[in-house]
Amino acid sequence: MTLAVLASCALTGIDAPPVRVEVHLAPGLPSFTMVGLADTEVRESRERVRAALLSSGFDFPAGRLTVNLAPADLPKESGRFDLPIAVGVLLASGQIAMPSLAGRVRARDAVPPLARLVLAGELSLTGALVPVAGALAIALSLSRRQPGAELLLPAGSAGQAARVPGLRVYGAATLRDVVAHLEEKQVLTATAGHADAAAGLPPCLSDVKGQYGARRALEVAAAGGHNLLMLGPPGSGKSMLAQRLPGLLPPLRHDDALEAAAIASLAPGPAPPFGLRPFRAPHHSVSGAALVGGGTRPRPGEITFAHLGVLFLDELPEFGRHVLDTLREPLETGRVSIARAQHRTDYPARFQLVAAMNPCRCGWHGSNVKACACTPDQVAAYRARLSGPLLDRIDLQVEVPAAGDDWADLPPGEPTAAVRQRVETALDLQHRRQGCANAALAPGQVDAYCRPDAAARALWKQAMKQFAWSARTAHRVLKVARTVADLAGAAEIGSPHMAEAVQFRRPLRER
């Protein structure tokens, strides 16, 4: 009777809790049993491991083989446990001779072998290692939880994981390469992190001609981290403006870039360029689970993939109302919690919301370019698809008028680089003053840092009464006014700053 113990990890949200893989081989009729709350993908590893061992020139042991994935109450999913299970089978059957790292152990041994080495990887039937999703999330979680640990991954995932500083990552192409490394016959070289390829420049704001009011709103939104809603007819430039917001934001710090890349590694498809702020633009047919996360096995949604970046919702009223209302809590807290009967998963969701909508179903209400075909009741019904509590959480609500006949003759607008310099100056001032962007100020901090002078305060109170603002809206207007003042380099909020902030919050239904 022989027991082999190895270290691996699960994936819950962007956290990778440790999993102990115990492989027990005992005499008896041949069987292969797996326990430990394993999902279907994990249970199917029995056939992948058997075929990979035989294809790699090893024997599959005859006897009662039991694999335990501990802790037993932690759900296990995906094929990343193939590699530790296969290595455990080889250790338990005595087919690996490890001179220094570890060897076979008896059931009464208290110290598990391979204590520093964490293995994760899916096996093909040929014995080749297949890249796994979430490699960077696994590496980031492991470096925080277990300094000095070593991580062994498929070669296709190791370069991504090696971005995490202070973590030794090995990449192997086949199961035989892993065995040779453990036997110290051909030790793998630690993988170096991917060199950051030169990413293409984001689209420049100078491409947008005219639309000076909308451009100013975009600058204010970037300078304070505010949410933005643009209202205008088709073709007025709303999508172009939204796509240029990430370029106005300062580059991500390395720690934030690692966190954003770790989240992106959970999504299928190629990873976006490292260090760029995410920009997500889901279609209006998106479900609530796809937007905020969910499913039987909770997965991150678009708001988590937009963490530290921009979430753009085009044709906002076309989204399901219940889908949009799921954004209300994440917009306030910066996190989304998905609860299931047996477990709960938390995902970060500090994103900047940018939304665009037409003024009515046909899109031409209030336009001088084309007559609107909608009745007043149809216009009101179209705009009523947006709930008041959601609009309450959108700081800037601006009109983007239709382009005039002379738009092609207008000069190019101010380039992104010039606007970003002002944005970075304002954000740096905010972080030195209060430690966060203005949009993230708590109610108590608003009173401390967003004090208007007497004239500005009178204007604010007058607008509050005229437009029947809620307390949340009134606080958000103060934050926007503070951002306008920061862009102007003013120490105190004056009446011009407050007037501009109030103009950005004219009631949508009055336009």
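Okay, so helix 7, residues 212–224, and helix 17, residues 416–434: in this predicted model they pack at an angle of about 35 degrees, and their axes are 8 Å apart. The crossing of helix 7 and helix 17 is right-handed. If you want to click on residues, the helix 7 side brings E219, A222, A223 and G224. Helix 17 answers with V419, R422, V423, A426, L427 and Q430. By class, that contact of helix 7 with helix 17 has six nonpolar, two polar and two charged residues.

Now stay on helix 7 and look at what else it touches. Helix 7 lies across three strands, namely strand 10 (228–231), strand 15 (352–357) and strand 16. Relative to strand 16, helix 7 runs at about 165 degrees.

Those strands belong to an open sheet. How many strands form that sheet, and in what order? Five, going 11-12-15-10-16, with parallel pairing. The edges are strand 11 (279–280) and strand 16 (396–399); each has a single partner strand, so one side of each has no neighbour in the sheet. Over at the strand 11 end, the pairing with strand 12, residues 310–313, is parallel and rests on two bridges. F279 has V310 in strand 12 as its bridge partner.

While you're around strand 12, scroll back a little to L308. L308 sits in the loop between helix 12 (302–305) and strand 12. Its phi is near 70 degrees, a positive value in a residue that isn't glycine. For context, most residues other than glycine have a negative phi, and most peptide bonds are trans.

And yes, there's a peptide bond to mention too: the one joining A70 and P71 is cis, with omega about 5 degrees. P71 is in the loop between strand 4 and helix 3 (82–92).

That takes us to strand 4 itself, residues 64–70, which pairs with strand 2, residues 18–26, in the antiparallel sense over seven bridges. One pair to pick out there is E22 with its bridge partner N68 in strand 4. Strand 4 also pairs with strand 3, residues 31–35; those two run parallel and are joined by five bridges. In strand 4, T66 is the residue that stands opposite T33.

One more helix pair, then I'll get to confidence. Helix 19, residues 454–467, packs with helix 21, residues 495–503, at an angle of about 20 degrees and with the axes 8 Å apart. Under 35 degrees counts as roughly parallel, and therefore that's what we call helix 19 and helix 21. Their crossing is right-handed. From helix 19 you've got A455, A456, L459, W460, A463 and F467, and they meet S495, M498, A499 and V502 in helix 21. That contact of helix 19 with helix 21 has nine nonpolar residues, one polar and no charged ones.

So, confidence. The protein chain averages a pLDDT of 89, and 94% of the residues score at least 70. Which elements have the lowest and the highest mean pLDDT? Strand 14, residues 344–348, has the lowest at 87, and strand 12 has the highest at 97. The stretch to flag is residues 101–113, where the pLDDT is below 50. In the model, that stretch has 16 contacts beyond near neighbours in sequence.

How values were computed: Residues are numbered from 1 along each chain as its sequence is written. This is a predicted model: local features need pLDDT of at least 70, side-chain atom pairs count only at pLDDT 80 or more; totals for chains, interfaces and linings use all residues. Side-chain values use heavy atoms; hydrogens and water are left out. Axes are lines fitted to C-alpha atoms, for helices over the stretch in contact, and angles run from 0 to 180 degrees between N-to-C directions. Helices (H or I, at least four residues) and strands (E, at least two) are DSSP runs, numbered from the N terminus. Angles under 35 degrees count as roughly parallel, over 145 as roughly antiparallel, 65 to 115 as roughly perpendicular and the rest as oblique. A crossing is left-handed if the near helix is turned anticlockwise from the far one by less than a right angle, and right-handed if clockwise. Contact means heavy atoms within 4.5 Å. Ala, Val, Leu, Ile, Met, Phe, Trp, Tyr, Cys and Pro count as nonpolar, Asp, Glu, Lys and Arg as charged, and the others, Gly among them, as polar. Two strands pair if DSSP finds at least two bridges between them. pLDDT is the predictor's confidence in each residue, from 0 to 100.
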